[in-house]
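Could you walk me through this structure in my viewer, one selection at a time? I am new to it and would like to know what to click on next and what is there.

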Amino acid sequence: MTTITIATAPFDDQKPGTSGLRKKVSEFSRSHYLENFIQSIFDALEGRQGETLVVGGDGRFYNRRAIQTIVKMASANGFGRIIVGRDGILSTPATSCIIRKHGALGGIILSASHNPGGPEGDFGVKYNIANGGPAPEQLTDQIYARSRTIEAYSILDANDIDLAMTGRTMLGGTEVEVIDPVADYAELMETLFDFPRLAVLLGEEKFRVCFDAMHAVNGPYAHHILEDRLGAPKGTVINGEPLPDFGGAHPDPNLTHAKELVAIMNADDAPDFGAASDGDGDRNMILGRRFFATPSDSLAVLAANAHLAPGYVAGIAGVARSMPTSQAVDRVADDMGIPRFETPTGWKFFGNLLDSEKISICGEESFGTGSGHVREKDGLWAVLLWLNIMAERGKSLEEIMRRHWRKYGRNYYSRHDYEGIDLAAAQSLMNHLRGGLDDIAGRTFGNERIVRADDFQYTDPIDNSVSTAQGIRIMFEGGSRIVFRLSGTGTEGATLRVYFEQYEPDPARHNQDTQQVLSDLITFAGEIANIKERTGREAPTVIT
Ligand code: VG1
Ligand code: CO
């Protein structure tokens, strides 16, 4: 087996976004495109000789092909050991767990998360560092810079490895180990949650669960943990087989895309608890019987009740949420007297806070929640924590949520997405808002005064790195907010996200329709940003 060096030329569009590099499969499968990006990652890593690299993906189209290429390149680039999930499968949280447990230098996750898959769909590459978390901005900037000057990449001239069988083989001077994708992760979950108690709950005929894996990566994890380990009846997990095109669906766990689960949970004989996760298994949607827990509310409930699970029995150190996430969790932190942090969108910003143990629980409005057990958001973890809380409380999900609102008040919350709009129009909309910030502050809207309008900027309290232009915030006296930002994960045109939040302390007013409550804010946002005129859209594509 020999290492060969192949001449290449830079692509100018390999800038990682909110969560790695995402492109259409047709772009990723162009000659040298994947190889250039992988070599750029390796070139940006110091001291990789002899180190361990974890490689896996969400099973989408092009996953296996890409893994064969990456394994041969990692060997040629001096990695001593490569750990690969069987059949190329590793969820994002499991990859984070495996990097940490096996002392790897890092890991490569092949996923475009909740974006559709298949030959016409999307593909993506994320690099995670030794703490198990997404590469911080300084590193992704270096990777991007390298991709602009790359002239060659190294790859081993070798046969493909057998991904179907677990076990070890040598590839050149590198040991390649194909592992069971679920085992390490399941073991970690068992240390965090009361498995015997969960087994009693899930084994009871009067408590039923439906978990929709959306034909994505979490199928094998959910089958193993919920059905095999905890004894939930077969059929508890639906759409449990990962498919290269996710069965033609959009593996995004929200009320729009997880239609099958939503129908099941709205039926007369609905189960007690429903959940779905996304393409790479890091997101979660939580449903009760005919009841939807918003991700922001779910985060607040998990923070307030985590101590009921064995892994968090000593209490939590602090919490963090991404800036657009509702302030519900802030009220919990203030009540508990623990610190809270507000970070830019993207899980990478939680890494330093978790490493330094300033926080234990964190989350995003985009169906992401997690804790210090790994350095990624974790869909199945959220499900198990909810179930552990429900087992201890002995109450329905809706009742737990309503009690929470009675104690803390309710943060009505919604996000409106305008997907696939013209990029130039989207940028000019944001620039226009940015330019008008000074005029916006001090204005009155209805009964509420705007107390502040700014472009969110974050200084990491650990390494003091500064991230600017993270979204326009308009903040009202009573705590209401409107946030505007452009997505950093799309692959077509631009996606405008507008986030709305309004606080309601009075329990007598906790039964209202969310869009109705927020309607004045929604109208105001449309006017202030000229959304219709600038995007040409009458209404959002997706409302969550
Ligand atoms: C979106 C979400 C963000 C999340 C990111 C990655 O980013 O808003 O909260 O961290 O996706 O999630 P953006 O830039 O499109 O708003 V995942 O599960 O797609 O890796
Ligand atoms: Co995801």
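Start by selecting Ala 306, in the loop that runs between helix H10 (295-305) and strand S15 (319-322). Keep in mind that this is a predicted model. Is Ala 306 buried or exposed? Ala 306 counts as buried because its relative accessible area is 0%, and the cut-off for that word is under 20%. Show the surroundings of Ala 306 and, leaving out residues up to four places away in sequence, you will find that it touches Tyr 312, Ile 316, Ile 361 and Leu 385. For a sense of scale, draw a line from Ala 306 to Gly 57: the two are 249 residues apart in sequence, and their C-alpha atoms are 29 Å apart in space.

**The nonpolar cores**

Next, select Phe 193. Which residues is Phe 193 in contact with, leaving aside its neighbours within four places in sequence? They are Leu 198, Ala 309, Pro 310, Tyr 312, Trp 381, Leu 384, Leu 385 and Asn 388.

Now add Met 189, Phe 273, Trp 381 and Leu 387 to the selection. Together with Phe 193, these are the residues with the most contacts inside the largest nonpolar core, which has 72 residues. Colour helix H13 (residues 379-393) as well, since this helix gives the core its largest share, 11 residues. The core also draws at least three residues from each of domain 1 (2-180) and domain 2 (185-408). Apart from this core lies another, of 41 residues; to find it, select Ala 44, Ala 74, Tyr 127 and Leu 156, which are among its members. As a general note, nonpolar side chains in soluble globular proteins tend to be buried together.

**The domains**

Zoom out and colour the protein chain by its domain assignment: domain 1 (2-180), domain 2 (185-408) and domain 3 (410-543). Turn to the last two of these. The C-alpha centres of domain 2 and domain 3 lie 26 Å apart, and 29 residues of domain 2 are in contact with 26 residues of domain 3.

**The cobalt ion**

Select ligand 2, the cobalt ion. Which residues coordinate the cobalt ion? The donors are Ser 113 through OG, and Asp 278, Asp 280 and Asp 282 through OD, at 2.0 to 2.1 Å. Along the sequence, the donor residues follow the spacing S-x164-D-x1-D-x1-D. Both Asp 278 and Asp 280 are buried.

Stay with Ser 113 for a moment. This donor is found in the loop between strand S5 (106-110) and strand S6 (122-128). Ser 113 counts as buried because its relative accessibility is 3%. Its backbone deserves a look too: Ser 113 has a positive phi of about 55° although it is not a glycine.

For another residue with a positive phi, go to Asn 239, where the angle is about 50°, again without the residue being a glycine. Asn 239 lies in the loop between strand S11 (237-238) and helix H9 (259-266). With a relative accessible area of 21%, Asn 239 is partly exposed.

**Helix H2 and the loop after it**

Select helix H2 (residues 33-44) and pick out Tyr 33, which lies in it. Tyr 33 is buried, with a relative accessible area of 0%. Beyond its neighbours within four places in sequence, Tyr 33 is in contact with Phe 11, Asp 13, Gln 14, Leu 21, Lys 23, Glu 27 and Phe 28. The C-alpha atoms of Tyr 33 and Pro 10 are separated by 8.7 Å, with their positions 23 residues apart along the chain.

Then move to Gly 47, in the loop between H2 and strand S3 (52-57). Is Gly 47 buried or exposed? Gly 47 is exposed because its relative accessible area is 56%, and exposed means over 50%.

**The largest pocket**

For the last stop, turn on the surface display. The largest pocket holds about 1,100 Å³ of space. To reach its centre, select Gly 17, Thr 18, Leu 486, Ser 487 and Gly 488, the closest to it of the 35 lining residues. Then colour helix H15 (423-435), which is one of the elements that each supply at least two residues of the lining. H15 supplies the largest share, 4 residues.

Key: Residues are numbered from 1 along each chain as its sequence is written. Chains are lettered from A and ligands numbered from 1 in the order in which they are written. This is a predicted model: local features need pLDDT of at least 70, side-chain atom pairs count only at pLDDT 80 or more; totals for chains, interfaces and linings use all residues. Side-chain values use heavy atoms; hydrogens and water are left out. A nonpolar core is a set of buried Ala, Val, Leu, Ile, Met, Phe, Trp, Tyr and Cys residues joined through side-chain atoms within 4.5 Å. Buried means under 20% relative accessible area, exposed over 50%, partly exposed in between (1.4 Å probe, protein chains only). Domain bounds come from an automatic or database domain assignment. Contact means heavy atoms within 4.5 Å. Donors are N, O and S atoms within 2.8 Å of the metal (3.2 Å for Na, K and Ca); water is not among the atoms, so sites may look incomplete. On a 1 Å grid over the protein atoms alone, a cavity is a set of points where a 1.4 Å probe fits but cannot get out, and a pocket is an open set with protein on both sides within 12 Å along at least five of seven lines; lining residues have an atom within 4 Å of a point. Grid points are joined across faces, edges and corners, and a volume is the space filled by probe spheres set on the points.
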